[in-house]
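I opened this structure to look up how its strands are ordered, what covers them, and how its helices pack. My notes follow the model itself.

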Amino acid sequence: MKDLFVLTADADAMAAMTSVLKRHMFIGIRPVAFDVYRHTMRDSGVVKDGHVFVRRYKGKYHKVLLIWDHHGSGFDSLEPRRCIEIVQERLNLVTWQGDSGAVVLVPELEEWLWHNEASLCKRLGISTADLQIWVEEYVKKKNTTVARVKQEQPKELFEYVCIEKARRTISPKDFEEIARVASLVDWQNSDSFRAVVSLLQSWFPGPSY
């Protein structure tokens, strides 16, 4: 029996979580045997029937974790905490009570990336000065602040930097590589990433020195 099954909403989250779990020492957990999958119906699929998806894996994994973006899930009008409660209640009904967790990414996965910009620069092959200029350009266009845009429009900002300024496409490989080199300590300044880490630490605590 493997330790952990993770159900994500798309290939980007699947790639990011795979890299994070391989770096177990950096999030304070022991090595885990895991599999990460994505739901074909993306965010709404994880919320609506993720519990059905993972029910078939009972007895094959010790723990199961569901993660999805709040934005685009179809449950955007609900408070994130309530969305988590709904998904957890459904997991409990299919015998995953006590061995499962649910984390909603607010507003979406890209929010994690902006907590360690050095990893973005490394992946894109740009300087920190270039990144700062491009972010400020976007902020000016949107008539907002840097802090707000990173929190409220992280995906749009990431796409602007990658597609419009760096002139490159975005693929799951980008998320895999960024998560492979990013400071996971910095990432824990994200509420949702910290929630993921907290769950993992409670399930698979690392060694005490």
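The entries below run from the sheet to the cores and then to one helix pair.

Entry 1, the sheet. I am working with a predicted model, and I began with the strand order, which reads E2-E1-E3-E4 in an open sheet of 4 strands with parallel pairing. I noted that strand E2 (34–38) and strand E4 (100–105) are the edge strands, each of them pairing on one side only. From one strand to the next I find a twist that averages 15 degrees.

Entry 2, the pairings. Strand E1 (residues 2–8) runs parallel to E2 and is joined to it by 5 bridges, and when I looked up Thr8 I found Arg38 in E2 as its bridge partner. Between E3 and E4, which also run parallel, I find 6 bridges, and Asp69 stands opposite Leu105 in E4.

Entry 3, strand E4. Is this edge strand buried or exposed? I find that 6 of the 6 residues of E4 are buried, so the strand is largely enclosed by the rest of the structure. Going through its two faces, I list Ser100, Ala102 and Val104 on one side, with Gly101, Val103 and Leu105 on the other, and all are buried.

Entry 4, the cores. I then asked which residues have the most contacts inside the largest nonpolar core. That core has 49 residues, and the ones I was looking for are Leu4, Leu21, Leu65, Trp187 and Leu200. Following Trp187 further, and leaving aside its neighbours within four places in sequence, I find it in contact with Val20, Trp112, Leu113, His115, Asn116, Ile178, Ala179, Ala182 and Phe193. Apart from the largest core I recorded another, of 20 residues, which includes Tyr57, Val64, Leu66 and Cys83.

Entry 5, a helix pair. I looked up helix H6 (residues 128–142) against helix H8 (residues 154–165), and they pack at an angle of about 120 degrees with their axes 10 Å apart. I recorded the crossing of H6 past H8 as right-handed. On the H6 side the residues that meet H8 are Leu131, Trp134, Val135, Glu137, Tyr138 and Lys141, and on the H8 side I list Glu156, Leu157, Tyr160, Val161, Glu164 and Lys165. Sorting this contact by class, I count 7 nonpolar and 5 charged residues, with no polar ones.

Definitions and conventions. Residues numbered from 1 in each chain as written. Predicted model: local features only at pLDDT ≥ 70, side-chain atom pairs only at ≥ 80, totals over all residues. Heavy atoms only, no water. Axes fitted to C-alpha atoms, helices over the stretch in contact; angles between N-to-C directions. Left-handed = near helix turned anticlockwise from the far one by under 90°. Contact = heavy atoms within 4.5 Å. Nonpolar A, V, L, I, M, F, W, Y, C, P; charged D, E, K, R; others polar. Pairing = 2+ DSSP bridges. Core = buried A, V, L, I, M, F, W, Y, C linked by side-chain atoms within 4.5 Å. Buried < 20%, exposed > 50% of the residue type's maximum accessible area, 1.4 Å probe, protein only.
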